[in-house]
Amino acid sequence: MKNRIVNVGLIGTGMIGSLHAGVLSNQTDGARVVAVMDVDGDRAAAVATESGGARVYSDADALIKAADVDAVLIASPDAFHAEGALACIAAGKPVLCEKPLATTRADAERILGAEMAAGRRLLQVGFMREYDRAHRALVDLLRSGDIGRALRFRGIHMNPTRSRYITVDTAIVNSLIHDIHSARFMMGAEIAEVFLRWVPANPEDARSARYAIIHVSFDGGAIGTLEWSGDSGYGYEVEVEITGETGTAGTTGNHSPILRQGGTRSQAITPDWPDRFFDAYVDELAAWISSVMTGQATGPSAWDGYMSLVVAEACIKSTESGQPEQVIGVERPAMY
């Protein structure tokens, strides 16, 4: 694009949308939030003011079609991601869609088809762990061959205490979807088989979820586990450990210092995800704005969003069958 400033339209001004608005307005060179949309008009107005006086919309399609909106960031509730992404592709506008890309495999396939019909990548999915420096350092180490071929992946995802009810299906599609993509991205291989077991949050409600473990097998023979807690009781942690042929390497769950004092050794736990991954969001948005300027989409693609949902669908099927399930998606299109 010729302009040196990318005018961004933001759909959704909840917790993650507000975070994105602040980063775009205050920490991202070349970006300007010019329009915001939310069904909560007061919240949208507040974010618009904090973004320097952006226009407020009550209709997402109108924002997407606005002539001065160069690119769109979708941070609305999950159920609205697919239609928003499709509208952006139809309008020919670059879009960063928060995870998950959709809530069903079928909708993700519609988005793949639309982008292929458009003939170029317009969409990036908000799997921000790709931009986390600890995750990237581990990927670089693995790609260097220092620990040989990867044999085993272990992901740990501990959430702080939650008050809202969550089903195992929602845990998979809304939360574990991050870990599914991280496993694919970091191992450089697709997941071939899954087997999920979980502990209900309420013993009288079998589909509620408190804790879950997904056993995975990768193309190429590696194995792994994705471990998730919806209510750790102590804070937020995300860690990855990869075992190779000649060594093991991993990230740490938080960045706080280790304190030795009064006969104890302690380390503060990150309260929640905005604290742990704030820098990753900053780097993600910087990369996205740069890609809009160059016209060359980078980062997690519609294919990544689709395959994560194919894996999620197999996980849900495993919860219903009580058995391991194969992960079978469409053939990867050449443009990805």
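The lining of the second largest pocket divides into eight nonpolar, five polar and three charged residues. This pocket belongs to a predicted model, and its volume comes to about 220 Å³. Of the 16 residues that line the second largest pocket, those closest to its centre are Pro94, Arg120, Ser291, Val292 and Gly295. Two elements give two or more residues to this lining, namely strand S6 (123-126) and helix H8. The largest share, three residues, comes from H8.

Attention now turns to the largest pocket. Here the space amounts to about 1,200 Å³. A total of 49 residues line the largest pocket, and Ile16, Asp78, Lys99, Arg164 and Asn174 are the closest to its centre. Five names are worth finding in the structure above when tracing which elements give two or more residues to this lining: helix H1 (15-27), helix H3 (60-65), helix H4 (81-91), helix H7 (168-187) and helix H8 (273-294). With four residues, H7 gives the most to the lining of the largest pocket.

Sorted by class, the lining of the largest pocket holds 20 nonpolar, 16 polar and 13 charged residues. Helix H8 is a handy landmark for a reader moving between the two pockets: H8 is among the elements that give two or more residues to the lining of the largest pocket, and H8 also provides three residues to the lining of the second largest pocket.

Conventions. Residues numbered from 1 in each chain as written. Predicted model: local features only at pLDDT ≥ 70, side-chain atom pairs only at ≥ 80, totals over all residues. Heavy atoms only, no water. 1 Å grid on protein atoms, 1.4 Å probe; cavity = no way out; pocket = protein on both sides within 12 Å on 5 of 7 lines; lining within 4 Å. Points joined across faces, edges and corners; volume = space filled by probe spheres on them. Nonpolar A, V, L, I, M, F, W, Y, C, P; charged D, E, K, R; others polar.
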